[in-house]
Amino acid sequence: MRISTSKLQQLTIFTTVLTGGGIGTMYYLLQKKFIESDYHRLALQKLEACPVAMESLGAPPLKVHNIHLTDRNNRVDQDTAQIKIPVTGSETGGYLYTSSIRDPNTNRWSLKQAVLMLREGLTINLLNPSPPAATEHTEELSTGSC
């Protein structure tokens, strides 16, 4: 049985479009699942509550980008979640490294680590902020703490 070349071309194009659409849908649904998760939401709330981190980024506006699905820093299982969230503000950007655990009794997530690492090399620990730098002016005491 012979199949014409045009039929094979049509079948190839159809398969390619169908596969591309499936991969795109899967990518969208995975990103949506990350964004709607409690461990992602808790990390972003902690970032937004830290004035030093927000000022360092130049936020608001704060832009949260899609998680890189192939990054080895992103691991989620039943009881633990470790994710690296790309964020940018008007001045700079960086990554929010987070680690969360789920309490098996209450089924709620709690944030165990939240560290913002900016492109310039500045690191801000959102859970255990360093004490403010001692200066002569009280207006400058807010640097380095959340």
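**Group meeting: a walk through the predicted model**

The secondary structure of this protein comes to three helices and six strands, and I should say at once that what we have on the screen is a predicted model. Read from the N terminus on, the elements run α-α-α-β-β-β-β-β-β. Buried residues make up 29% of the 146 residues in the protein, and about 10,100 Å² is exposed, of which carbon and sulfur atoms supply 56%. If we take the contacts between residues at least 6 apart in sequence, 45% of them join residues at least 24 apart.

Let me begin with the interior. Which residues have the most contacts inside the largest nonpolar core? They are Leu47, Leu96, Leu116 and Leu126, in a core that has 24 residues. Helix α2, helix α3 (51-57), strand β3 (80-88) and strand β5 each supply at least two residues of this core, and the largest share, five residues, comes from β5.

Leucine 96 is a good residue to click on if you want to see how this core is put together. Leaving out residues up to four places away in sequence, leucine 96 touches Ala43, Leu44, Leu47, Ile83, Lys84, Ile85, Ala114, Val115, Leu116 and Leu126. Please keep Lys84 from that list in mind, as we shall come back to that residue with the salt bridges.

Next, helix α2, which spans residues 38-48 and contains histidine 40. Is histidine 40 buried or exposed? With a relative accessibility of 3%, histidine 40 counts as buried, because the cut-off for that class is under 20%. If we set aside its neighbours within four places in sequence, histidine 40 is in contact with Phe34, Ile35, Val64, Ile67, Ile83 and Ile85.

The residue just before, tyrosine 39, brings us to the aromatic pairs, of which a search of the whole structure finds two. Tyrosine 39 and tryptophan 109 form an edge-to-face pair, at 5.0 Å centre to centre and with 70° between the planes. Since tyrosine 39 lies in helix α2 and tryptophan 109 in strand β5, this pair ties together parts that are 70 residues apart in sequence. Tyrosine 39 counts as buried at 7% relative accessibility, and tryptophan 109 counts as buried at 16%. The other pair is formed by tyrosine 95 and tyrosine 97, and this one is tilted, with 6.4 Å centre to centre and 55° between the planes. Here tyrosine 95 is partly exposed, at 28% relative accessibility, and tyrosine 97 is partly exposed as well, at 23%.

Now to the charged side chains. How many salt bridges does a search of the whole structure find? It finds three, and I will take them in turn.

In helix α2, aspartate 38 forms a salt bridge with arginine 41, and the closest N and O atoms are 3.0 Å apart. These two residues are three apart in that helix, about one turn. Aspartate 38 is partly exposed, with a relative accessible area of 33%, and arginine 41 is partly exposed at 36%.

Aspartate 71 forms a salt bridge with lysine 84, with 3.0 Å between the closest N and O atoms. Aspartate 71 lies in the loop between β1 (63-64) and β2 (75-76) while lysine 84 is in strand β3, so the pair ties together parts that are 13 residues apart in sequence. Aspartate 71 counts as buried at 17% relative accessibility, and lysine 84, which is also on the contact list of leucine 96, counts as buried at 12%.

In the remaining bridge, the side chains of arginine 102 and aspartate 79 meet at 2.9 Å, N to O. Arginine 102 belongs to strand β4 and aspartate 79 to the loop between β2 and β3, so this pair ties together parts that are 23 residues apart in sequence. Arginine 102 counts as buried at 18% relative accessibility, whereas aspartate 79 counts as partly exposed at 37%.

Two local points remain. On the surface, a nonpolar patch of about 750 Å² is made by Met1, Ile3, Leu8, Leu11, Phe14 and Leu18, and of these, leucine 11 lies in helix α1, which covers residues 5-36. Finally, asparagine 107 sits in the loop between β4 (93-102) and β5 (109-118), and it has a positive phi of about 65° although it is not a glycine.

Key
Residues are numbered from 1 along each chain as its sequence is written. This is a predicted model: local features need pLDDT of at least 70, side-chain atom pairs count only at pLDDT 80 or more; totals for chains, interfaces and linings use all residues. Side-chain values use heavy atoms; hydrogens and water are left out. Patches are made of residues with over 30% relative accessible area and no salt bridge: like charges are joined within 9 Å, nonpolar side chains (Val, Leu, Ile, Met, Phe, Trp, Tyr) within 5 Å. Accessible areas come from the Shrake-Rupley method with a 1.4 Å probe; for residues, only the protein chains shown count as cover. A salt bridge is a side-chain nitrogen of Lys or Arg within 4 Å of a carboxyl oxygen of Asp or Glu. Helices (H or I, at least four residues) and strands (E, at least two) are DSSP runs, numbered from the N terminus. Buried means under 20% relative accessible area, exposed over 50%, partly exposed in between (1.4 Å probe, protein chains only). Contact means heavy atoms within 4.5 Å. A nonpolar core is a set of buried Ala, Val, Leu, Ile, Met, Phe, Trp, Tyr and Cys residues joined through side-chain atoms within 4.5 Å. Rings of Phe, Tyr and Trp (its six-membered ring) pair if their centres lie within 6.5 Å; planes under 30 degrees apart count as stacked, over 60 as edge-to-face and the rest as tilted.
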